[in-house]
Amino acid sequence: MNALTFTLKKPLQFSLNCQLLNPTHLADKSPSDIASMLLNYGNSQCRVDDIFDISGNDAQNIFFKNSSDKLDYLGANMASGNIVIEGDAGAYLAYNLKKGEIHCLGNSLAYAACNMVNGLLTINGNTGDFLGGASAGLRKGMRGGTVVVKGNAGDRAGDQMRRGLILIEGNAGDYCASRMIAGTIGVSGKIGEYACFNMKRGTLLLTTRPRLHATIQDCGCHTLPFLNLMFKSFAQFKTKFSSIQSMRVQRFVGDAACAGNGEILLILTDE
Amino acid sequence: MLINGVKIDDTFAEAFNMRGTRVIITAQNVKWAYHAANAMTGFATSVIGCGVEAGIERELNTDETPDGRPGLSILMFAMGSKVLMQQLETRMGQCILTCPTAAAFAGIESEDRINLGKNLRFFGDGYQTSKLFFNANGVDKRYWRIPVMDGEFLCEESTGMVRAIGGGNFLILATSQVAALTAAEAAIEAMKLIPNVIMPFPGGVVRSGSKVGSKYKTMFASTNDAFCPTLKGVTNTELSPEIESVMEIVIDGLNFEDIAESMRVGIQAICDLGAASGVKRISAGNYGGKLGPHHFKLHEIMGKQAS
């Protein structure tokens with residue numbers, strides 16, 4: 001069986017909602033069924049084969065080729081299989097992902113891993129705002145799983161994150177880990193202003209000293225053996241974080257503005 | 001059966017079903033891991049009076065422990081899961097939580113789980129932190145970080161609980177107390193190398209083997225007078241005139257095979273000392289098959305070594 005491959009025929013003018021094109025939804029569909037499915041395109045609908053050239057028949061392994069940032073909701077609600085996106089992805093990549101893996105080889109727009117429940121999302125390029133956040137109206141963002149971003153993330157990464165792991169090898173924007181409820185975010189590069197704004201619990205792991213606002217409290221420098229476990233658990237994702245050896249950190253706790261007990265752990269390399 | 005001049009009785013050790021668990025204790029160095037482990041396995045020689053039987057299984061290298069620090073594995077056994085849970089939580093709280101730099105992790109996986117840090121976390125008074133990490137197999141495990149005065153106490157949420165066997169044993173009959181104890185020490189050194197077993201009594205050796213019942217109504221166990229050398233003239237003794245001292249080694253383990261193997265290497269180590277060392281016989285304790293379903297027959301265990 002060959003991977004089911006959707007190749008974008010031509011650049012899109014409007015956003016295309018691709019939430020139906022995931023392994024879970026296509027599991028029992030014939031090639032003709034898939035070709036005739038209707039996708040929301042702008043304010044209208046169009047057939048899948050109007051937009052994509054379709055080849056292959058293994059719906060558990062889906063490739064998107066020649067993709068663009070007009071493709072929204074890629075891998076949304078997926079509960080099995082793998083998706084590889086050879087190019088960019090639009091907003092809401094891996095929305096409500098329950099199981100399986102999604103690998104985006106380019107960049108993605110905002111709300112990647114929004115409401116994510118489990119599974120793995122990797123983004124080789126940059127991603128937009130609200131990575132791992134909650135969709136409008138919800139009070140909890142990402143609830144599990146792992147997100148690895150090789151590039152940079154926009155503002156409010158991990159906003160209202162409830163559980164899971166986000167590793168950002170590049171920089172993150174302002175309000176990183178804002179309103180975070182629990183889970184772990186690692187940023188290997190720099191972060192913007194107001195990190196951990198209204199953070200309740202959870203861990204923000206940093207390698208460079210951030211500018212913090214007044215309600216994040218410095219709790220001093222410590223050697224924490226649990227970091228060894230954490231770095232070991234990162235090893236399978238093959239990121240910069242796997243190479244960190246130091247268990248020495250400076251610990252900041254907050255956000256005191258909301259009686260939060262979240263933490264920023266700043267890795268110190270001079271043990 | 002004679003091995004190197006030492007007689008092996010044609011009898012069997014009678015063992016019973018238990019519930020067991022393994023906990024990995026790590027610390028800044030081996031010294032403090034031993035402090036924690038010795039406290040946790042203290043007063044845990046017999047379920048009769050201690051609730052559990054526990055012991056240190058072996059030392060662990062840094063590459064064998066979850067947090068990469070020196071550690072020890074502990075085995076703990078009880079007659080039922082309820083007692084085991086209660087004793088483990090109590091000992092975790094009083095012996096591991098209190099010990100500087102110590103951390104505790106699951107040492108065995110099974111569907112049946114038993115609390116390690118699940119309730120202990122409340123000692124953190126709201127400052128405790130939960131972390132979910134993937135292990136090497138991609139399975140996520142929950143850990144608790146509890147702030148304490150030396151830094152943080154790290155503890156896995158639970159460990160596995162499995163069916164186990166307790167009460168494997170053999171008796172060393174010698175011409176003097178010194179000879180019996182020397183032989184017992186040699187046996188224990190050899191038996192320590194076998195995984196999945198512990199010898200829970202002091203130094204691995206027990207001198208006060210018991211029989212069921214007593215002349216006193218309140219006692220359900222009393223001294224095993226048939227093996228007491230000072231009672232040879234007044235009781236239905238099992239001892240020949242030259243026997244002056246008897247020591248017993250009791251073994252608890254996670255499975256029948258490892259208990260049998262530990263008995264084999266222990267008895268062999270004694271036999272290697274030879275009859276000239278003062279050891280004349282090896283026997284075993286049983287209750288006629290009424291106590292437990294597991295019978296460790298000495299002749300079968302030592303079959304290949306017979307001369």
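Select A36(B), A39(B) and M40(B) in helix α1 of chain B, then add R91(B), C95(B) and I96(B) in α3(B): here the two helices meet. Remember that you are looking at a predicted model. Colour the contact by residue class. Five of its residues are nonpolar, none is polar and one is charged.

Now show both helices whole. α3(B) covers residues 81-96, and its axis runs 9 Å from that of α1(B). Two packed helices are described by the angle between their axes and the distance between the axes. The angle here is about 140°. Angles over 145 degrees count as roughly antiparallel, so α1(B) is oblique to α3(B). Turn the view to look across the pair: the crossing is right-handed.

Next, zoom in on M40(B). Helix α1 spans residues 30-40 of chain B, and M40(B) lies in it. Is M40(B) buried or exposed? M40(B) counts as buried, because 26 C-beta neighbours sit inside 10 Å and 20 are enough for that label. Beyond its neighbours within four places in sequence, M40(B) also touches A54(B) and I74(B), as well as R91(B), C95(B) and I96(B).

From M40(B), jump to E157(B). These residues are 117 places apart along the chain, and their C-alpha atoms are separated by 18 Å.

Last stop: bring up chain A. Eleven residues of chain A are in contact with 16 residues of chain B. On the chain B side, select β8 (129-134), β9 (140-148) and β10 (151-156); each supplies at least two residues. Which strand gives the largest share? β8(B) does, with four residues. By class, this side of chain B has eight nonpolar, three polar and five charged residues.

Notes. Residues are numbered from 1 along each chain as its sequence is written. Chains are lettered from A and ligands numbered from 1 in the order in which they are written. This is a predicted model: local features need pLDDT of at least 70, side-chain atom pairs count only at pLDDT 80 or more; totals for chains, interfaces and linings use all residues. A residue is buried if 20 or more other C-beta atoms lie within 10 Å of its own, exposed if 12 or fewer, and partly exposed in between; C-beta atoms are placed from the backbone. Two residues are in contact if their C-beta atoms, placed from the backbone, lie within 7 Å. Ala, Val, Leu, Ile, Met, Phe, Trp, Tyr, Cys and Pro count as nonpolar, Asp, Glu, Lys and Arg as charged, and the others, Gly among them, as polar. Axes are lines fitted to C-alpha atoms, for helices over the stretch in contact, and angles run from 0 to 180 degrees between N-to-C directions. Angles under 35 degrees count as roughly parallel, over 145 as roughly antiparallel, 65 to 115 as roughly perpendicular and the rest as oblique. A crossing is left-handed if the near helix is turned anticlockwise from the far one by less than a right angle, and right-handed if clockwise.
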